[in-house]
Amino acid sequence: MALVLYEYLMNHTTPTPERAAVAMGVRPGGARYKRAAHFLKLATINALTSVKTGQRSSNDPNEAARYVWKLIAVAKRQSMVAKSNIVIPFLEEAFRIAEEYALVDAARISSELLNLLLANRYYRPKSYRYYREKATYYRQLDYQIRHIRCATQGVEALLGEGRPAEAAAKASQVLNGIASYRQEVDNLRLHLSCYLLELKTALGRADYATIIRVGREAIGFLQTQPAHHHYLSAPFEASLGFAYLQTRQYEEGIDFAQRYLESQELGTLGYAKNAELIILLALRAGQYRLAWRYFVSLEGYLVSETSSMDGWASLSVFEAYLWWLHETGKLKIEAEKTRKPSFIRAKKRFDRHDTPEVYGFHFDVIQALQELARRRFSSVKNRLEDLGANVKNLPDRRVRQFIRALSVIPAQAFHRVAVLRHAEKHLARMEGLAVADPLMEVVPLEMVWEAFAAELGMKRISTRSSTSR
């Protein structure tokens, strides 16, 4: 009924309540008529307030993008009206904000519509020429960015097929072909698309030197841009932190991650993931108190969320290693007014939540180490033999070599000299490898191996007895 009333009002220059009621098939002034009129009034107010121009509540890029596309959608609808007073102002406002936030597709569409309308129905020669040049510019820019993005997808496909050399050649060809246009145009989105192509190619090839170079360049470039563009640095910052971790530049990684954390909003997923990276870097670097401080902060945030704990296997694994470090005296937190890490709590949390089983080997390694310290050789033998039997299920070659080295311990009856001699080949192979998944190595595996070796004696141990070393 509200729609019938709306159509009647739009099609009659001098509408009256009586004729409107006849068109609606209701009694003039009756309850049904009043309800329909009231509904139409509220719907109209809602529509008007949802598309009004004016100041936005914040400089949030996502809000700006939604606002721009709303303006364009309304303008497209209004372009079908013979004499609309809002179509040009809406499109001009959309174009202005699209340029401010580097929304290339929105800038292209709004400038093309303005070019078309100002050349015909709303003829303004000066404005028409201006938007014609802008439309040409953004059409070409949009084409080049799409070309780079397609090339990026092609590179990812080649890397997925195990053809890294071809992927690198394709990326180089595209980047060289667009170099002159990139220098001439100097557009933010174009630069970032090129940086992402380089970054993904380097990630696929595990070329960490290039990842660090590209990450630094991209972040440095974005720092020269207005503040509302800084959020675009997220993929480069994440990759840079990963590269520092994989190249064992732990101190540099911690400094970078802590600076980056300051720009993240407290309580967001980005903040939590960066805190996770700092914990891992600190554990690798031997800064255990720093790792514990960020662990307590991260755990407090995740536990306060209803579903954030699901899938955070790192939290369980971190606590297990922090417990071991505390038990061995490497992490001192007695003076702090906080709880201490617990291996039992960590294991229960790991088992309770939907976490990847592959990370479960950490708990077996820590328990085997503790059992060895307690001289429970049969238990150590069982755990290490089980790990050795399932070593093929572990995805990382470095971790597999580490587990094979551990398997030598019961095989050589816990004799230090024999174990070190037979494990040497596995440790040598492990040295030149890096884990693909950072969580597969929490503290340096060499450190864990040294802890095992320190517990070995100069006598062969029969697991049928509890003979001491």
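This report describes selected helices, helix pairs, nonpolar cores and loop residues of the structure shown above. The structure is a predicted model.

**Two helices and their buried residues**

Helix α4 covers residues 61–78. At 1.5 Å a residue, its 18 residues should span 26 Å, and the C-alpha atoms at its ends are 26 Å apart, which agrees with that expectation. The buried residues of α4 are Pro 61, Glu 63, Ala 64, Ala 65, Tyr 67, Val 68, Leu 71, Ile 72, Val 74 and Ala 75. An α-helix has 3.6 residues a turn, so residues three or four places apart point the same way.

Helix α21 is formed by residues 445–454. Seven of its 10 residues are buried, so α21 is largely enclosed by the rest of the structure. The buried residues of α21 are Leu 445, Met 447, Val 448, Trp 449, Ala 451, Phe 452 and Ala 453.

**Nonpolar cores**

The largest nonpolar core has 79 residues, and the members that touch the most others are Leu 283, Trp 324 and Ile 403. Leaving aside residues up to four places away in sequence, Ile 403 touches Phe 361, Val 365, Leu 387, Gly 388, Val 391 and Leu 394. Another core lies apart from the largest one and has 46 residues, including Tyr 67, Ile 72, Ile 109 and Ala 171. Tyr 67 and Ile 72 are also among the buried residues of α4.

**Helix packing**

Helix α17, residues 361–373, packs with α21: their axes come within 9 Å and cross at roughly 25°. An angle under 35 degrees counts as roughly parallel, and α17 is therefore roughly parallel to α21. The crossing of α17 past α21 is left-handed. On the α17 side, the contact is made by Val 365, Ala 368, Leu 369 and Leu 372. On the α21 side, Val 448, Ala 451 and Phe 452 take part, and these three are among the buried residues of α21. Val 365 of α17 is also one of the residues touched by Ile 403.

A second pair consists of helix α6 (residues 104–119) and helix α7 (residues 125–160), whose axes lie 8 Å apart at an angle of about 150°. The two helices are therefore roughly antiparallel to each other. Here too, α6 passes α7 in a left-handed crossing. Among the residues of α6 in this contact are Val 104, Ala 107, Ser 111, Leu 114 and Leu 118. The α7 side includes Tyr 128, Tyr 131, Ala 135, Tyr 138, Leu 141 and Ile 145. Charged residues also take part, among them Arg 108 of α6 and Arg 139 of α7.

**Loop residues**

Three residues in loops between helices are listed below.

| Residue | Loop between | Relative accessible area |
|---|---|---|
| Asp 186 | α8 (164–185) and α9 (188–204) | 54%, exposed |
| Arg 248 | α11 (234–246) and α12 (250–262) | 42%, partly exposed |
| Gly 286 | α13 (269–285) and α14 (288–304) | 34%, partly exposed |

Asp 186 has a phi near 55°, a positive value in a residue other than glycine. Phi of Arg 248 is near 65°, also positive in a residue other than glycine. Asp 186 counts as exposed because its relative accessible area of 54% is over 50%. Gly 286 and Glu 424 are 138 residues apart in sequence, and their C-alpha atoms are 24 Å apart in space.

Conventions:
Residues numbered from 1 in each chain as written. Predicted model: local features only at pLDDT ≥ 70, side-chain atom pairs only at ≥ 80, totals over all residues. Heavy atoms only, no water. Helix = DSSP H or I, 4+ residues; strand = E, 2+ residues; numbered from the N terminus. Expected span 1.5 Å × (residues − 1). Buried < 20%, exposed > 50% of the residue type's maximum accessible area, 1.4 Å probe, protein only. Core = buried A, V, L, I, M, F, W, Y, C linked by side-chain atoms within 4.5 Å. Contact = heavy atoms within 4.5 Å. Axes fitted to C-alpha atoms, helices over the stretch in contact; angles between N-to-C directions. Parallel < 35°, antiparallel > 145°, perpendicular 65-115°, else oblique. Left-handed = near helix turned anticlockwise from the far one by under 90°.
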